[in-house]
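Student: Hi! Could we go through this structure together, one question at a time?
Tutor: Gladly; have a look at it first, and then ask away.

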Number of protein chains: 2
Amino acid sequence: MLNPSVLALGKKRSTIREIFEYGNRRAAQVGRENIFDFSIGNPNVPPPQAVQDALLDILHAQQPTAVHGYTSAQGAPANRKAIADNLNARFGTHYSADQLYLTVGAAASVSICFKALTATPEDEFIVFAPYFPEYLVFIEHGAGAKCVVVPPQISDFQIDFAALEARFSPHTKGVVINSPNNPCGVVYSVETLSRLAQMLTQKSEEYGHPIYLISDEPYREIVYDGQPVPFAAQTYPHTLVCYSYSKSLSLPGERIGYVLVPDVAEFSDLYAAVCGAGRVLGYVNAPSLFQQVAARCAGCTADLSIYAENRRLLYDGLTSMGYACVKPDGAFYLFPRTLEPNDYAFCERAKKYDLLLVPGTDFGAPGHMRISYCVQTETIQRALPLFQKLAEEYR
Amino acid sequence: MLNPSVLALGKKRSTIREIFEYGNRRAAQVGRENIFDFSIGNPNVPPPQAVQDALLDILHAQQPTAVHGYTSAQGAPANRKAIADNLNARFGTHYSADQLYLTVGAAASVSICFKALTATPEDEFIVFAPYFPEYLVFIEHGAGAKCVVVPPQISDFQIDFAALEARFSPHTKGVVINSPNNPCGVVYSVETLSRLAQMLTQKSEEYGHPIYLISDEPYREIVYDGQPVPFAAQTYPHTLVCYSYSKSLSLPGERIGYVLVPDVAEFSDLYAAVCGAGRVLGYVNAPSLFQQVAARCAGCTADLSIYAENRRLLYDGLTSMGYACVKPDGAFYLFPRTLEPNDYAFCERAKKYDLLLVPGTDFGAPGHMRISYCVQTETIQRALPLFQKLAEEYR
């Protein structure tokens, strides 16, 4: 008599959560320091000092009724303006505060976009494997639309355009990108984004309605080797940018992010639909104290250098042992091939060495494993010999 | 091509919002002090000192990565335990931490319950007029179920049981109560709750499935004249308690609350469905810093004495002028009859005196007006002569 699909989702622990709990049980047996948990994407570097400074300053200087009171549903105008100003300074854009809708994090941002754009149950959203698994939940169960998956281009995890083109239909409402990517760390190149924009423009004309690009960018600031992340919204006008401060400011528990609505012909309706979707999903307003923190710290990031060092160690170490891996340009994940085709079996075998890895099948890319390297560098140093032993089992 | 129902909801400003914006325009013309805005239910008393103390202590004493990190989806165990302990101490109950699911405020709490319980589009939830208007949005647009309204019993705003009984059907999944009530301030008596429990038990047997009571209680602590608010969950076992700290701790912008899932035979499925609904709606976890604040301050309330004084002044003043009004026992709203049957016309006429009131029709009770008295006491003192002039127009 309960909602069968949400019941199933509530009962089925995610694989990541299962591994996490397994790790806790093992830690109780053999000690936390002997468990090499690469399963969770929880930032392990502290927020920048600016966050703590902003929190204390706001709490000391402002009236509590103002700090903790309702804001307008789309976020307090001053906070939206500060965030728009920061984007404009960084990207040379001309966004106004009225194009921003502040949210309870990126999961809310994408949920709102799917809900706003879904007009009928036939509507489709295209996602690229490997993908963040919750997209399927938000699209199919949250918005009641269909999720269409493009298989991974495993040579470089850029877009397989032939496969993409084959998946468009008159029902396509949007295409979801996540660059830098969870779980594979790929950053879409300027060429990839340009070609995607061309195809989206052409398909929009062909079907007689705009196909929206939903650009989920919580890892935008986490990039390496001085690689810039091209700003997708500058390549394709019908882009809804979904952002979260979870990773850049190391604030994942506080749930603060935004949707940036593009200034296209139908802007007024599109923004209204975003507001309506937020209302229907019960969000009321993004948490008020952290709206202000995000506004003040929009130009800051946590110290991301530990991620760069971890990536170097892990990538160099694993590839020297014979693991095949596309070198990630961003985020804090490595996504190597497993040493046998069955990634579940491989990750199960890795548990012998207390290496906790997530099978790629969960992200739509069998034969891979996700390694979250937002851990202490020492954990990686001590884990590398275990990855070596694991590799030797396959010689 | 956008979602037509969420687009309509995003475009249609709520009447309350319209009045609020009208008030801002008038304030610019004649000065804020000359506008008597009784439209908004934004607490005007500061949070208790314990909130500020908790915030500063947490920020100074704890590691930022722990304070601001992800918690489990249902909330950190220690925070849930503190809240359960507080409930048990106050109500003599035996709740465990594992019955609580922390949420992004009461709107999220009720949205999650509707989503968890809705198995088919034929499912129905019964609400009592006057009601919080967003229930309709969450039930019909969020969960995709039907909202069935019981007309108000305007003599005392308790339940009209004959009208209620006529509205049950085999599709009834739940009944929603909101005591103390927004917009009329009624507190359901022990007799009302007992009779309701009897009817729910009988109808559950008749239809062969549990009918859930969704008890939305954000105003639980805001009561007057030493009246206790009976704890509905103790009267009827199949009660899902939806709570928010918005009003008791004056933290409406921070979005922190919970769902309390009853220990009934199907508990395990019911709790899983609540978790699944939270996941589908994109909530991830309740804001982590304020989870801790709520846990530490669960036994505190803001200084609510200003509301008691405002209620006394306004109730005595208006009834002495001839306004008919059920005396509210809780919340911070008065819901008098308008002096003409058309409440929209009456509230429009009140604008002549810069009295900003919300028509009862918006809450399913035409011929009434909602007066939010979470304002400065001086505002009420200065407004009373204007209510007098307004009344004289109807002599």
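Student: What share of the accessible surface of chain A belongs to carbon and sulfur atoms?
Tutor: Good place to start, and keep in mind that this is a predicted model. The accessible surface of chain A comes to about 13,800 Å². The part of that area belonging to carbon and sulfur atoms is 52%.

Student: Which radius of gyration does chain A have, and why does it agree with a compact globule?
Tutor: Chain A has 395 residues, and a compact globule with that number would have a radius of gyration near 21 Å. The C-alpha trace spans about 60 × 55 × 55 Å along its principal axes. The value for chain A agrees with the globule because it is 21 Å.

Student: What percentage of the residues in chain A is buried?
Tutor: Buried here means under 20% relative accessible area. Chain A has 14 helices and 12 strands. Of its 395 residues, the buried ones make up 63%.

Student: How far apart are the mean positions of the positive and negative charges of chain A?
Tutor: Chain A has 32 positive and 39 negative charges. Taking the mean position of each set, the two lie apart by 6 Å.

Student: In the open sheet with β9, β12 and β11 of chain A, which are the edge strands?
Tutor: The strand order is β9-β12-β11, with antiparallel pairing. An edge strand pairs on one side only, and that holds for β9 (333–334) and β11 (358–359) of chain A. β11(A) pairs with β12 (residues 369–372) over 2 bridges, and A:Val358 has A:Arg370 as its bridge partner there. So the edge strands are, by pairing on one side only, β9 and β11 of chain A.

Student: Moving to chain B, is B:Met1 buried or exposed?
Tutor: B:Met1 lies in the segment before α1 (4–11) of chain B. Its contacts include A:Leu117, A:Ala119, A:Lys173 and A:His209. With a relative accessible area of 58%, against a cut-off of over 50%, B:Met1 is exposed.

Student: Which residue of β6(B) is the bridge partner of B:Val176?
Tutor: Let's place the strand first: β5 (residues 172–177) of chain B is mostly covered, with 6 of its 6 residues buried. β5(B) runs parallel to β3 (residues 124–128) of chain B, joined by 4 bridges, and B:Val127 has B:Val176 as its partner. Another 4 bridges join β5(B) to β6 (residues 212–216) of chain B, again parallel. In β6(B), the partner of B:Val176 is B:Ile214.

Terms used
Residues numbered from 1 in each chain as written. Chains lettered and ligands numbered in written order. Predicted model: local features only at pLDDT ≥ 70, side-chain atom pairs only at ≥ 80, totals over all residues. Heavy atoms only, no water. Rg over C-alpha atoms; globule rule 2.2 N^0.38 Å. Buried < 20%, exposed > 50% of the residue type's maximum accessible area, 1.4 Å probe, protein only. Areas by Shrake-Rupley, 256 points an atom, 1.4 Å probe, with all protein chains shown as cover. Lys, Arg positive; Asp, Glu negative; His and termini not counted. Charge placed at Lys NZ, Arg CZ, Asp CG, Glu CD. Contact = heavy atoms within 4.5 Å. Lists of a residue's contacts leave out its neighbours within four places in sequence.
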